[in-house]
Every structure is written in C-alpha cells, then in structure tokens.
Amino acid sequence: MSDRLLAFGDQVAAVLRPRSLAGVPVRDGMGLSGGERAQWVGFDAALAWVIGGLLALGLVMVYSASIQLPDNPKFENYSPTFFLTRHILSIVLAVIAGAVCLAIPLRTWERAAPWIFVAALILLILVLIPGIGKVVNKSRRWIPLGVMNFQPSEFAKLAMVLYAANYMVRKMDLKESFMRAVLPMAVALGVVGLLLLAEPDMGAFIVIAMIAMGILFLGGVNGRMFLIVTLVLLGTFVLIITFSEVRRERIFAYITPWDPKYAQGKGYQLTHSLIAFGRGEVFGQGLGSSIEKLHYLPEAHTDFLLAVIGEELGLIGVASVILAFFWMVRRIFVIGRQAIALDRVFAGLTAQGIGLWMGGQAFINMGVNLGVLPTKGLTLPLMSYGGSAILLCVIALAVVLRVDMENRQLMRGGRA
C-alpha cells in the first residue's frame, strides 16, 4: 500500500512542484536549497479558526458545566469561577507553547523523536512513584506542577505519534519483515501499555495503541502482519476486561444501563448523560439551563461535557461539534497526504498520526456520552477541562500547522 501511496505522491508532487524547482536540490526541513532563508508563507487559516472555535466553545461550556460545583461539599472551598480561571490559564499556556512549537522545523522533531519517547517512558514511571504521582479517584495519573496537574499519558500520545512516524521512516525498507519492523514497535507499545494499565488508564492505552497501529498501517506494513498484530491487540483488551471485575461490570452496565443493578452504580453516568441529550431535543434548553450538571451528572465539565452541550444547545450544538471535528480531522489528513506527496514521509505520517489521535479520541468520547461505547475516562479534545490535555492537543495541532507551512514553502520553490 505504501508503494502505491508513494507512487501517487510522486505524481501529485510533479503537478504541485513549481517548474522553477526542476533540477534544483531541495532541503526537506523547509524545502529550501542551500543558503536560502525561510519566507513566511502562512498556514491553513481555516484549520486554525476551527481549532480556535473549538477552544472557545469549550471554554464557554466548561464554565457553564462547572459554575455550580461549589454547591457540592467536595468543592465548597472553590469559587464559581475557579474552573473557568484554570481553563483560561491552560488555554493561554497552550497557545504560547503552540506558537513556540510552530517555529520548530519538522527535521528537529524527527531527530528528537526517540528522545521524546524515552522522556515519556520516564514520566510514566515517575507518576507511579508514591509522593510524585497524585491519586485522584483511585487512579495515579497526575504529577502536580503548581499551575496544573500534568498527565504523562497525554504527553505519551504525542511521543508515540513522533516515535512511530520516525520508526516507520527508519524501517521503510524492512516493512515486510515481522521480526525487524513490527516486533520492535509491538514491544515499545507493550511497555507503554503496562505502565498505563498500572495507573490505571486504559482509555489512554486504547488511544495510543490506535495511533501506533494506524501509523504502521499508513506506513505500508504488510497487511497480514498488520492483521495478526491487530488480532493480538484485540485479544489483549478482551483478556484485560475478562480478568478485571471493574471493567467487566462497566461492559454489563453499558449493555443494560437502565437495569436497577447498574442505574445507581456503574451505569449512573451513562443514564444521566442520555437524560441530558433527551432533554436537549433539537434546539436545547438554552445556555446555562442544564439540569443534569446540577450534581446529577458526575464529571460534567470533563468527560461528559458533550452531554451538557446536548442538553443546553440541543441537536444543533452537538451536530456542529461533530462536524467541526470531522472537518478538522479530514483537513489534517489532507495535509499529511500532501506532505507524503512531496516526499516528506515523516511529516506526513506525523500529521496523520495526530489526525488519528484527535479523531479517535473525539469519537470515543462522543460514543461514551451517547451510549454507543462503554464508559471510559477520555476527555473531548480541545474542549473538556484538563490542563495537560489542552496543552498537548494544541502543541500537536501546532505541529500539523508547521507541516502545512513547510508544504506551502516547498510548493513555492523554497525561495527567499
């Protein structure tokens, strides 16, 4: 598949590349020939506006979903604007970090990819050490940093994108060999999985596994080997669920959430999420008018933010969010394909890996909120409350915008 993709890429590149580039050596980082300086060519403004729109809507809905939390004894020392202030701070830090990352060439990311992956493994180990990792709701997933509680699993998603893309570029000539191409990546994924399940954070493991497998597939790994690895991975998830009573109960609660046995237990969040969507109907109850967020629906400002959107903004609001994510992910994949067409395989696979991350995590979160998938603790990218999640999502999307910038520079001949 990769050979066909690269062949198609050569054809597209021949059409897109300016004639002035014929016979001129091009440097991959910004598509510049030796000695030339980069010219500001901009990036996809529509994509940037959609990202900004999702951040803005998320800010409004997080405030709406959290303003009543101080009425709960658990949050009695918090002000009504506590979560709003923290969320604004997270967005500001994320935008600053994104602007910095936008200035980093893809060549630098490619060289640093293995070390970023090692740093992610170290953080995943540190968070498990008592006194370093913070326990919330029986899970040790956060490292307190003062301004925010940093979640290493979010950093691990970006690290896996970069590492898998770098890995496929290095192993491109060996992709037909299971032992030399697939097995090392499977081992790396297994190590990350063991560390995440020790927290435990199965949701993050599912997303990271999806990223790794997706990049292997897009990189052109032999179809039979890919199928075998996929079946082994699915079998692993089945065994994890089978031998974990808590996860097993979640599956049963997902199947029959209205059963009295689960309605006040494992199915409680799902039933109240469905009630919220039902109350919203087509046009919603109006911004700020949700009833379910008044301590009926737990984690309304994080994992179940879409349910609040459904209740307050109705089908129109939910459909708008879904369409925005669909357009964003599709555009990211277009940018990735364009990079591959310009013989920039690492940049293309990185962009597409980030597209898999955003699209896959959004799909799982929406599926959980709508009762299509079993309940799993994953935030809605760019929108849900969570400092490290917002920070890493914006950084990842800044990398995509950088890929687009370099594509544009290369297609313009890389001239000063």
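How many salt bridges does the structure hold? In this predicted model, the structure holds 8 salt bridges. Side chains of opposite charge can pair when their charged atoms come close, and several such pairs are described below, followed by other features of the helices and of the surface.

One of the salt bridges is formed between Arg331 and Asp44, whose closest N and O atoms are 2.3 Å apart. Because Arg331 belongs to helix H12 (residues 305-341) whereas Asp44 is placed in the loop between helix H1 (2-16) and helix H2 (45-66), this pair ties together parts of the structure that are 287 residues apart in sequence. Asp44 has a relative accessible area of 6% and is therefore buried, the limit for that class being under 20%.

Other salt bridges join residues within a single helix. In helix H5 (residues 152-170), which contains both Lys157 and Glu154, the two residues are 3 apart, or about one turn of the helix. Their side chains form a salt bridge in which the closest N and O atoms are 3.2 Å apart, and both Lys157 and Glu154 are buried. In helix H14, Arg408 and Asp404 meet through their side chains in a salt bridge of 2.8 Å, N to O. These two residues are 4 residues apart in H14, so that about one helical turn separates Arg408 from Asp404. Asp404 is buried, with a relative accessible area of 1%. A network of salt bridges, in turn, links Arg344, Arg402 and Glu406.

Helix H14 itself (residues 387-411) consists of 25 residues and spans 36 Å between its first C-alpha and its last, which is close to the 36 Å expected at 1.5 Å a residue. Of the 25 residues of H14, 24 are buried, so the helix is largely enclosed by the rest of the structure. Gly413 follows H14 and has a positive phi, near 90°.

A further charged residue, Lys293, is located in the loop between helix H11 (268-280) and H12. Lys293 has a relative accessible area of 4% and, because this value is under 20%, counts as buried. The side chain of Lys293 is joined to that of Glu312 by a polar contact of 3.1 Å. When neighbours within four places in sequence are left aside, the residues in contact with Lys293 are Ser64, Ala65, Gln68, Gly288, Ala300, Val308 and Glu312.

Gly355, in helix H13 (residues 345-369), is likewise classed as buried, with a relative accessibility of 1%. Apart from neighbours within four places in sequence, Gly355 is in contact with Val329, Ile332, Phe333 and Gly360. Although Gly355 and Val161 are separated by 194 residues in sequence, their C-alpha atoms are 9.9 Å apart in space.

On the surface, a nonpolar patch is formed by Ile88, Val92, Ile96 and Val100, which together have about 340 Å² of accessible area. Val92, one of these residues, is situated in helix H3 (residues 82-102). The relative accessible area of Val92 is 43%, and this residue is therefore partly exposed, since the value falls between the limits of 20% for buried and 50% for exposed residues.

Terms used:
Residues numbered from 1 in each chain as written. Predicted model: local features only at pLDDT ≥ 70, side-chain atom pairs only at ≥ 80, totals over all residues. Heavy atoms only, no water. Patch = residues over 30% accessible without salt bridge, like charges linked within 9 Å, V, L, I, M, F, W, Y side chains within 5 Å. Areas by Shrake-Rupley, 256 points an atom, 1.4 Å probe, with all protein chains shown as cover. Salt bridge = Lys/Arg side-chain N within 4 Å of Asp/Glu carboxyl O. Buried < 20%, exposed > 50% of the residue type's maximum accessible area, 1.4 Å probe, protein only. Expected span 1.5 Å × (residues − 1). Contact = heavy atoms within 4.5 Å. Polar contact = N/O pair within 3.5 Å; in protein donor to acceptor, adjacent residues only side chain to side chain.
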